[in-house]
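Hi,

Here is the structure I promised to pass along. Have a look at it first, and my notes on what turned up follow below.

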Amino acid sequence: MAEKKNRVDRDAAVVVIGLGRFGGSLAAELVVRGVEVLGVDSDSRNVQEFSGRLTHVVCADSTDPEALTQLGVAEFGRAVVGIGTDIESSILTTSILTDLGVPDIWAKAISRQHARILQRVGARHVVQPEADMGERVAHLVTGRMLDYVEVDEDYALVKTKAPGWAAGRTLGDLGIRTEYGVTVVAVKKPGARFTYATSQTVIGSGDTLLVAGETDQAERFSEET
């Protein structure tokens, strides 16, 4: 095992700790994208499930600093803490990774309070998959949006159908940024791909727009018909 680990380019590789539903699917997707992954889990069943699917898989207690040190985790440039409901283990693991000097730590949180603690102990990025998905679906269910991604606090990208009153006019003539405070960044004609939008882009009936702006303004624009 040690001989194989030495062949990993750890600056480019990712260590994923916790191979449950979130961490496991993320680790597998990284491998599909050509990223070398060291998977770590304390449950031998999870380790067995991902054996052969990830670059390396190890059964170890991530709350033990010595165990992570022996695995050479300090040499990795990126780490993901995908531990689920065991908040104490999640926080302790993140703290140990920080102490080991891992520069880019991503961590899963199950609540806002959990997220704040993870940030305090060194996580540079905190994700809340369940909460984020719930918020996204709520926006899709209640509006005309085709898709919705909040890229920062109070700032979103919205995929929506072009309003009927925009058909046949250029973006420059429509003045959408002035009227709604959002920017149309790309336009997709029926059956075609998205292309970057300019002030000369003519909006057609049935076009799909990718709109960026403050969340409430992007929502307001998506409600236009």
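Threonine 160 sits in strand 8, which covers residues 155-161. Please keep in mind that this is a predicted model. With a relative accessible area of 0%, threonine 160 is buried, since the cut-off for that label is under 20%. Setting aside neighbours within four places in sequence, the residues in contact with threonine 160 are Arg144, Met145, Leu146, Asp207, Thr208, Leu209, Val211, Phe221 and Ser222.

One of those contacts, Asp207, comes up again among the salt bridges. Aspartate 207 pairs with lysine 189, and their closest N and O atoms are 2.7 Å apart. Lysine 189 belongs to the loop between strand 9 (183-188) and strand 10 (194-196), while aspartate 207 belongs to the loop between strand 10 and strand 11 (208-214), so this salt bridge ties together parts that are 18 residues apart in sequence. The two partners also differ in their surroundings: aspartate 207 is buried at 2% relative accessible area, whereas lysine 189 is partly exposed at 34%.

How many salt bridges are there in the whole structure? A search finds four. As a general point, side chains of opposite charge can pair when their charged atoms come close. Here are two more from the search:

- Arginine 33 and glutamate 29 form a salt bridge, with 2.9 Å between the closest N and O atoms. Arginine 33 is exposed at 64% relative accessible area, and glutamate 29 is partly exposed at 37%.
- Arginine 45 and aspartate 43 are joined through their side chains, at 3.0 Å from N to O. Arginine 45 counts as exposed, with 64% relative accessibility, and aspartate 43 as partly exposed, with 23%.

The last item concerns the surface. Met133, Val137 and Val141 form a nonpolar patch there, and together they have about 270 Å² of accessible area. Methionine 133 is part of helix 7, which runs over residues 129-142. Its relative accessible area is 44%, so methionine 133 is partly exposed. That value fits the patch, because members need over 30% relative accessible area.

If you open the model, you could begin with threonine 160 in strand 8, go on to the salt bridge between lysine 189 and aspartate 207, and finish at the nonpolar patch of Met133, Val137 and Val141.

Best wishes

Conventions. Residues are numbered from 1 along each chain as its sequence is written. This is a predicted model: local features need pLDDT of at least 70, side-chain atom pairs count only at pLDDT 80 or more; totals for chains, interfaces and linings use all residues. Side-chain values use heavy atoms; hydrogens and water are left out. Patches are made of residues with over 30% relative accessible area and no salt bridge: like charges are joined within 9 Å, nonpolar side chains (Val, Leu, Ile, Met, Phe, Trp, Tyr) within 5 Å. Accessible areas come from the Shrake-Rupley method with a 1.4 Å probe; for residues, only the protein chains shown count as cover. Helices (H or I, at least four residues) and strands (E, at least two) are DSSP runs, numbered from the N terminus. Buried means under 20% relative accessible area, exposed over 50%, partly exposed in between (1.4 Å probe, protein chains only). Contact means heavy atoms within 4.5 Å.
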